[in-house]
Amino acid sequence: HCWLLNAQCLIKLTTTVTAVLFCQLGKWICTHERVHVFYAYWQSFCTRKNFAWKEEFDTRQASNRWEKRAMEKENKKTREKARKERNDLVRQLVAFVRKRDRRVQAHRKLVEEQNAEKIKKMEELRRQQKLKQAK
């Protein structure tokens with residue numbers, strides 16, 4: 001089942017506590033609310049990693065405080081860029097999985113059908129009102 005494979009990838013990206021919370025979502029029995037909560041969590045994902053290994057400069061080697069501040073500023077930019085890339089990567093994976101999730105597709109189809117039905121009813125009411133006004 002394609003969803004389970006992708007869900008396992010998502011689960012590996014988080015802590016074991018979160019993995020336990022969402023491990024049952026691969027089943028078709030899930031309500032739309034649970035599926036929605038799952039995707040809402042992952043679509044707003046923000047990593048807690050500090051990305052210190054991405055730093056370009058060792059601030060301990062700075063000769064003065066201005067140089068050290070400049071190094072820290074560059075390191076902060078590098079860490080933030082890496083954090084943003086990681087968050088974007090996870091969100092792209094979530095979008096990929098969500099787009100192909102049959103439960104989401106089924107709910108989207110249901111909503112579209114309901115909207116089409118509402119539009120039909122509104123058009124019918126308008127047509128009836130025009131007929132009454134014409135008489």
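Two exercises on a predicted protein model follow, each with a worked solution.

Residues are numbered from 1 along each chain as its sequence is written. Because the model is predicted, local features need pLDDT of at least 70 and side-chain atom pairs count only at pLDDT 80 or more, while totals for chains, interfaces and linings use all residues; side-chain values use heavy atoms, with hydrogens and water left out.

**Exercise 1. Compare the span of helix H3 with its expected value, and find where its buried residues lie.**

Step 1. The protein chain has five helices and zero strands, where helices (H or I, at least four residues) and strands (E, at least two) are DSSP runs numbered from the N terminus.

Step 2. Helix H3 covers residues 32-43, and at 1.5 Å a residue its twelve residues should span 16 Å, which agrees with the 16 Å between its end C-alpha atoms; the expected span is 1.5 Å times one less than the number of residues.

Step 3. Val35, Phe38, Tyr39 and Trp42 are the buried residues of H3, buried meaning under 20% relative accessible area with a 1.4 Å probe, protein chains only.

Step 4. They cover an arc of only 90° around the axis, so they sit on the same side of H3.

**Exercise 2. Describe how helices H4 and H5 pack, and which residues meet.**

Step 1. Helix H4 (residues 65-100) packs against helix H5 (residues 102-134) at an angle of about 60°, with their axes 5 Å apart; angles run from 0 to 180 degrees between N-to-C directions.

Step 2. From H4, Arg98, Lys99 and Arg100 meet Arg102, Val104, Gln105 and Arg108 of H5, contact meaning heavy atoms within 4.5 Å.

Step 3. The residues of this contact divide into five charged, one polar and one nonpolar.

Key. Buried < 20%, exposed > 50% of the residue type's maximum accessible area, 1.4 Å probe, protein only. Arc of directions from axis to C-beta. Nonpolar A, V, L, I, M, F, W, Y, C, P; charged D, E, K, R; others polar.
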